[in-house]
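Q: Could you show me how to read a few features of this model, one at a time?

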Amino acid sequence: MENLPSILTPDLGLLFWMLFAFLVVLFFLVRFGFPAITNTVEKRKQYIDESLAKAHEASERLLHIKQEGETLLQEAREQQAKIMKEAAETRDAIVEKAEEKARQESVRIIAEAKQQIAFEKQEAIRDIRSQVAELSVNIAEKILREELSSDKAQQANIDRLLDEVSK
Amino acid sequence: MKQIKTIVLLFLISFLPLQLWSATEESAAGGLNISEIVLEHLSDNYEWHIASYKGKSLSIPLPIIVRSSATGAWSVCTAETLPKPFFFDAAHHGKIYEQMPNGSHVRPLDLSITKVVLQIWIVVLVLLCIFGYCSRWYKHHDEKSEAPRGFVGAIEMIVMTINDDVVKGSIGEKHYKPYAPFLLTVFFFILTSNLIGLIPIFPGGSNITGNINITLFLAICSMIAINVFGSREYWKDIFWPHVPTFLKVPVPLMPAIELFGVFTKPFALMIRLFANMMAGHAVILSFTCVIFLGWSMGVGFGIGLNTFSIIMLLFMNALEFLVAFVQAYVFTLLTAVFIGLAHPQAETE
């Protein structure tokens, strides 16, 4: 025991310095060294977990939005088709109505024209008739004046006329 | 081609000790006492020897601080200026002893900054630099910015491996928090000491973890950490274990064994680390000595032996590099496992 190699003999001085040095290093590392690293790593781990969860959520939401967009697009397309159809219908109706109106108008115009023509015709006939009457009166007058130039002829005419009337 | 270069280089290196040996041959005069050299290199010293050349040695003097047992006075000096009542006792591997007035030799209170103490402080300084640098990086970044790269990233990786796999895995999610910094400190202290011990010249090379005092201290710390905060179930298991009653009532056989186990666990930790590191250093030093031995046996024999021992040296250094990590890991892992055993409800969860 007395003569063991010095690396095998406990030595108070060495133990004292080891204790002191170890306490120093323990103090500084526990205070400033390891917690900085482990806490940061722990926080980073949490942050990564959170980020992953968020990313997952976001991708899910994106999927949702995509689906929503598709349904919206589908709806819009349907709406568009419907509107187009309605527009076509409206157009047809308007055209039909316009045609109807045009037809009615033409009928009315034609009727008016006919009426006008008829009126003009009557007017013309009346005109002609009066002219004919005037002419015939004139002619009759001339004829009468011719025939009544002698008394005898006048008497004969009166007689004939009276005969005619008395008959 | 590349391999030929390597082989030539190896031969050149194996020639190198020729000059060194011729220098030391004169001073050594009578053969080579390898076990003496190895032990001397392994043990603590009052000065830091760097190299010898032609009988002169280059070494860093270290302060000696001793308290006289006779007078109680402190003296501070170096190895050259050691005052009178003290002397380096060759019978006790050069430790400082004091000549008492009655002629007996006693060991005074010796708080010298020896080679190992200085080496411990270098390790402390290295650790503080590394983690000071790392924590500064973390101060300037938060978790939302990038993760560290390069050196800080490597340190973070090791810290988190020990923290998550070793400490959390062994002690359990519930109780590991207060022990983690201590175990991490132990791991990095042992790892840095082991690695620095492998550097052959001044800022490293001293054999810290291969000194029983250091492993004794670390084992005592582990024992405190294991037992002082042990749960009630743990202590009940020691003094009243789940065994047939006749094994514990008239003669407390099992409690005695269990109580013995409390001390053997840290003792095994102490011996394991000490023996591994000491043996590694001893083997490397022995192979280095074989180089010198080979040259003393003649040139032809020397070249063969040196080539072999240099290959072995490289292999041993690589192996020790691995062992440095493995031993630090094992010490931390076993301490964590024992702490975990002292919190048995965490096991059952």
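**Helices, a sheet and annotated spans**

A: Gladly! Helix 4 of chain B passes helix 6 of chain B in a right-handed crossing; right-handed means the near helix is turned clockwise from the far one by less than a right angle, and left-handed anticlockwise. Helices (H or I, at least four residues) and strands (E, at least two) are DSSP runs, numbered from the N terminus. This is a predicted model: local features need pLDDT of at least 70, side-chain atom pairs count only at pLDDT 80 or more, and totals for chains, interfaces and linings use all residues. Residues are numbered from 1 along each chain as its sequence is written, with chains lettered from A and ligands numbered from 1 in the order in which they are written.

Q: At what angle do the axes of helix 4 and helix 6 of chain B cross?

A: Axes are lines fitted to C-alpha atoms, for helices over the stretch in contact, and angles run from 0 to 180 degrees between N-to-C directions. Here the axes of helix 4 (residues 115-140) and helix 6 (residues 176-198) of chain B cross at roughly 115 degrees and come within 10 Å.

Q: How is the open sheet in chain B ordered?

A: Strands of a sheet pair through backbone hydrogen bonds, either parallel or antiparallel. DSSP must find at least two bridges for two strands to pair. In chain B, three strands follow the order 4-3-8 with antiparallel pairing. Strand 4 (74-77) and strand 8 (109-110) of chain B each have a single partner strand, so one side of each lacks a neighbour in the sheet. Two bridges link strand 3 (residues 64-67) of chain B with strand 8 of chain B, and B:Val66 has B:Asp110 as its bridge partner.
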